[in-house]
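User: Please take a close look at a single part of this model, the nonpolar core, and set it in the context of the chain as a whole.

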Amino acid sequence: MSTDERGAVVTVWVALLMTVLVAVIGITADLTGQVNAQQRAHDLAQQAGRTAANHVQAKQVMHGQTPQIDTAAARTAASAYLRAAGVEGTVSISGPTTLSVHVTVVYQPKFLGTAGIGPKTVSGDATIELSRVVNGAPR
């Protein structure tokens, strides 16, 4: 094998290794971005749930009773929060003291997007349970 052939082999190996390295870095960056989008969806669902939970029927609270969700105001507040955050979501109220929020976020991969791998939809959920607490103890 002559010196010129060894140089060509090394060049091919370096080119292959660089291609694999770039692919691994791209996949890692996109998977990290997808995980961050999923965490964002979960965080937004929790924040929308907290915003909705602030809307209770004041009359019951003033009389020392267990608070109940004001369904219309809670749904409106959570939907407004999600709209302001620029995401899609649903709010469901399953009882007088329980509500759930489901949020979907679309993540567009940065590196894999150039290879034709399209947007990924991720979701986050939160369930909020209202309770009355007096001196740190649930009542």
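Analyst: The chain has a radius of gyration of 25 Å, whereas a compact globule of 139 residues would have one near 14 Å; the radius is taken over C-alpha atoms, and the globule rule is 2.2 Å times the number of residues to the power 0.38. The model is predicted, so local features need pLDDT of at least 70 and side-chain atom pairs count only at pLDDT 80 or more, while totals for chains, interfaces and linings use all residues. Residues are numbered from 1 along each chain as its sequence is written, and side-chain values use heavy atoms, leaving out hydrogens and water.

Along its principal axes, the C-alpha trace spans about 95 × 30 × 20 Å. Buried residues account for 24% of the 139 residues; buried means under 20% relative accessible area, exposed over 50%, and partly exposed in between, with a 1.4 Å probe and protein chains only. The chain exposes about 9,100 Å², of which carbon and sulfur atoms supply 60% (Shrake-Rupley method, 1.4 Å probe; for residues, only the protein chains shown count as cover).

There are three helices and five strands, in the order α-α-α-β-β-β-β-β from the N terminus. Both kinds of element are DSSP runs numbered from the N terminus: helices are H or I with at least four residues, strands E with at least two.

The largest nonpolar core contains 23 residues, and those with the most contacts inside it are Ile69, Leu82, Val87, Leu99, Val101, Val103 and Val105. Such a core is a set of buried Ala, Val, Leu, Ile, Met, Phe, Trp, Tyr and Cys residues joined through side-chain atoms within 4.5 Å. Two or more residues come from each of helix H1 (3–53), helix H3 (71–85), strand E1 (88–95), strand E2 (98–107) and strand E3 (120–129). H1 gives the most, with seven residues.

Leu82 shows how these parts meet. Neighbours within four places in sequence aside, Leu82 is in contact (heavy atoms within 4.5 Å) with Leu44, Ala48, Val87, Gly89, Val101 and Val103. H3 itself lies across E1 and E2 and runs at about 160° to E1; axes are lines fitted to C-alpha atoms, for helices over the stretch in contact, and angles run from 0 to 180 degrees between N-to-C directions.

The three core strands form an open sheet in the order E1-E2-E3, with antiparallel pairing; two strands pair if DSSP finds at least two bridges between them. E1 and E3 are the edge strands, each with a single partner, so one side of each has no neighbour in the sheet. The twist averages 15° from one strand to the next. E1 and E2 make a hairpin with two residues between them and are joined by seven bridges, with Gly95 having Thr98 in E2 as its partner. Ten bridges link E2 to E3; among these pairings, Ser100 is matched with Thr127 in E3, and the core residue Val105 with Val122.

The loop between E2 and E3 holds Pro119, which is exposed, with a relative accessible area of 52%. Not counting residues up to four places away in sequence, Pro119 touches Val106, Tyr107, Gln108 and Pro109. Pro119 and Ala53 are 66 residues apart in sequence and 32 Å apart in space, C-alpha to C-alpha.

Across the chain, 56% of the contacts with a separation of 6 or more are between residues 24 or more positions apart.
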